[in-house]
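Reader: I am new to this structure and would like to go through it slowly, one question at a time. Could you place it in front of us before we begin?

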Amino acid sequence: VVRIEAETRLVEVSVQSTGKNVRFTNPMNTAVPIQSLVEHLRQWLALPEGQWQLLNKQTPLAANQILADLDGEGMLALQFSLRSS
């Protein structure tokens, strides 16, 4: 067990969905599991159920990762898309 100090980080999310690409910036808590962020974004954006994922620099993030695991400071860029089958 490792103690993580929760912070807020500005995140630019690029949503890649069939026929529509949307980009927005939002503050996010760095201690929330990626799995929870994915489901929250899916519901908030009224996207259909499916295998949605968050990626950082084209690398899928694991469900149990948190934003605090990602290196860097300042704005973080993430992609939100369906997993390829």
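Reader: Leaving aside its neighbours within four places in sequence, which residues is Arg42 in contact with?

Author: This is a predicted model, and what follows is computed from it. Arg42 has its place in helix 1, and the neighbours within four places in sequence are set aside here. The residues in contact with Arg42 are then Leu47, Pro48, Glu49, Trp52 and Phe80.

Reader: Is Arg42 buried or exposed?

Author: A residue counts as buried when its relative accessible area is under 20%. The relative accessible area of Arg42 is 11%, which falls under that cut-off, and therefore Arg42 is buried.

Reader: Which side chain is joined to that of Arg42 by a polar contact of 2.8 Å, and which residue has its backbone oxygen 2.9 Å from a polar atom of the Arg42 side chain?

Author: Two partners have to be told apart here, one reached through its side chain and one through its backbone. The polar contact of 2.8 Å runs from side chain to side chain, and it joins Arg42 to Glu39. At 2.9 Å from a polar atom of the Arg42 side chain lies a backbone oxygen, and the residue that carries it is Leu47.

Reader: Which element gives the most residues to the lining of the largest pocket?

Author: The largest pocket holds about 190 Å³ of space, and of the 13 residues that line it, the closest to its centre are Gln35, Val38, Trp52, Gln53 and Arg83. Two or more lining residues come from each of helix 1 (34-44) and strand 3 (52-56). With five residues, the element that gives the most is helix 1.

Reader: How many residues of each class, nonpolar, polar and charged, are in that lining?

Author: The lining of the largest pocket is mixed, since all three classes are found in it. By class, the residues come to six nonpolar, four polar and three charged.

Reader: What pattern does the chain follow along its sequence?

Author: The secondary structure of the chain comes to one helix and five strands. Read along the sequence, these elements give the pattern β-β-α-β-β-β.

Reader: Why can the chain be called as compact as a globular protein of its length?

Author: For 85 residues the globule rule gives 12 Å, and the value for the chain is close to this, so the chain is as compact as a globular protein of that length. The C-alpha atoms fill a box of roughly 40 × 25 × 25 Å along the principal axes. The value compared with the rule is the radius of gyration of the chain, 13 Å.

Conventions. Residues are numbered from 1 along each chain as its sequence is written. This is a predicted model: local features need pLDDT of at least 70, side-chain atom pairs count only at pLDDT 80 or more; totals for chains, interfaces and linings use all residues. Side-chain values use heavy atoms; hydrogens and water are left out. On a 1 Å grid over the protein atoms alone, a cavity is a set of points where a 1.4 Å probe fits but cannot get out, and a pocket is an open set with protein on both sides within 12 Å along at least five of seven lines; lining residues have an atom within 4 Å of a point. Grid points are joined across faces, edges and corners, and a volume is the space filled by probe spheres set on the points. Helices (H or I, at least four residues) and strands (E, at least two) are DSSP runs, numbered from the N terminus. Buried means under 20% relative accessible area, exposed over 50%, partly exposed in between (1.4 Å probe, protein chains only). Contact means heavy atoms within 4.5 Å. A polar contact is a pair of N or O atoms within 3.5 Å; within protein, one must be able to donate a hydrogen and the other to accept it, and residues adjacent in sequence count only if both atoms are side-chain atoms. The radius of gyration is taken over C-alpha atoms; the globule rule is 2.2 Å times the number of residues to the power 0.38.
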